[in-house]
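Welcome, and thanks for taking a look at this one. Please keep the sequence and the 3D view open while you read the briefing below.

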Amino acid sequence: MKAIFVTVGTTSFDKLIETVLSEEFQLLAREKGYTLITGQVGQFTGAVPGVEGMKVTVFDYKPSIMDDITGADLIISHAGAGTTLEVLRARKPLISVINTDLMHNHQSELASQLSRDGHVLSATPQTLLSEFQNLDEAKFKPFPPVDPSVFRKFMNAVAAS
């Protein structure tokens with residue numbers, strides 16, 4: 001069973017949830033072999049429609065979504081830094097969706113750079129369906145693991161000066 005996990009983090013991002021829960025998206029997901037969509041939807045109160053052959057479950061919040069991330073084959077997430085890094089460290093394919101309604105949108109810069117580097121696929125709610133349709137999970141480059149020695153070397157250099 002191929003699974004998609006979608007998350008809005010601690011924000012409200014109804015456009016993302018509406019897109020992923022749409023009949024058009026669910027039919028495409030089913031066509032691509034997915035049978036489960038799990039959504040962390042935050043404050044979303046809209047309808048949760050179903051499509052034959054797709055199971056859709058949603059929840060608002062919980063203390064940790066790491067089990068949902070590791071249990072999914074594809075993550076579709078708001079482009080916040082915290083969730084993005086969690087997904088990249090879990091080495092899961094990620095479609096990072098920019099909330100264009102935010103002011104001073106740092107999400108755009110982060111998602112665009114990570115997309116240029118090949119680590120994520122960047123989208124907006126308006127382009128998500130077409131990006132998902134053209135998705136090639138094999139093209140994602142693994143995010144490099146954290147190297148704690150880099151910070152230590154930096155701090156040693158600062159302390160020495």
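R91 is partly exposed, with 47% of its area accessible in relative terms. This is a predicted model, with a mean pLDDT of 91 for the protein and 98% of its residues at 70 or more. The points below go through confidence, strands, salt bridges, contacts far apart in sequence, and the surface.

**Confidence**

- Strand β1, residues 2–7, has the highest confidence in the protein, at a mean of 98.
- Helix α7 has the lowest, at a mean of 80, so please keep that value in mind for the surface patch described at the end, since V158 is found in α7.

**Strands**

- Strand β2 covers residues 34–40, and six of its seven residues are buried.
- On one side, β2 pairs with β1 in the parallel sense over six bridges.
- β2 also pairs in the parallel sense with strand β3 (residues 55–59), here over five bridges.
- G39 is a handy residue for following both pairings: V6 stands opposite G39 of β2, and V58 is the bridge partner of G39 in β3.

**Salt bridges**

- How many salt bridges are there? The count comes to two.
- One of them joins the side chains of D101 and K15, with an N to O distance of 3.1 Å.
- D101 sits in the loop between β5 and α5 (106–116) and K15 in helix α1 (residues 14–21), so this pair ties together parts that are 86 residues apart in sequence.
- K15 is partly exposed, at a relative accessible area of 35%.
- K62 and D68 also meet through their side chains in a salt bridge, at 2.9 Å from N to O.
- Are K62 and D68 buried or exposed? K62 is partly exposed because its relative accessible area is 39%, while D68 counts as buried at 16%.
- D68 belongs to helix α3, residues 66–71.
- Leaving out residues up to four places away in sequence, D68 touches F5, T38, F59 and K62, so its salt-bridge partner K62 is also on its contact list.**Contacts far apart in sequence**

- F25 lies in helix α2, which spans residues 23–31, and it counts as buried at 0% relative accessibility.
- Which residues does F25 touch, not counting those up to four places away in sequence? They are I4, T19, V20, I37, I76, L128, L129 and F132.
- F25 and L128 are 103 residues apart along the chain, and their C-alpha atoms are separated by 9.0 Å.
- P125 is found in the loop between β6 (121–123) and α6 (128–133), where it counts as buried at 9% relative accessibility.
- Again leaving out residues up to four places away in sequence, P125 touches F13, K15, L16, T19, V97 and I98.
- Among these contacts of P125 is K15, whose side chain meets that of D101 in a salt bridge.
- For P125 and V97, 28 residues apart along the chain, the C-alpha atoms are separated by 6.6 Å.
- K92 lies in the loop between α4 and β5, and it touches I69, T70, A72, I75 and V87, not counting residues up to four places away in sequence.
- K92 and G71 are 21 residues apart in sequence, with a C-alpha to C-alpha distance of 9.6 Å.

**Backbone and surface**

- R91 has a positive phi of about 60°, although it is not a glycine.
- Where is R91 found? It is in the loop between α4 (81–89) and β5 (94–97).
- F151, F154, M155 and V158 form a nonpolar patch on the surface, and together they have about 410 Å² of accessible area.
- V158, one of the patch residues, is found in helix α7, residues 148–160.
- At 43% relative accessibility, V158 counts as partly exposed.

Note on methods: Residues are numbered from 1 along each chain as its sequence is written. Side-chain values use heavy atoms; hydrogens and water are left out. Patches are made of residues with over 30% relative accessible area and no salt bridge: like charges are joined within 9 Å, nonpolar side chains (Val, Leu, Ile, Met, Phe, Trp, Tyr) within 5 Å. Accessible areas come from the Shrake-Rupley method with a 1.4 Å probe; for residues, only the protein chains shown count as cover. A salt bridge is a side-chain nitrogen of Lys or Arg within 4 Å of a carboxyl oxygen of Asp or Glu. Helices (H or I, at least four residues) and strands (E, at least two) are DSSP runs, numbered from the N terminus. Buried means under 20% relative accessible area, exposed over 50%, partly exposed in between (1.4 Å probe, protein chains only). Contact means heavy atoms within 4.5 Å. pLDDT is the predictor's confidence in each residue, from 0 to 100. Two strands pair if DSSP finds at least two bridges between them.
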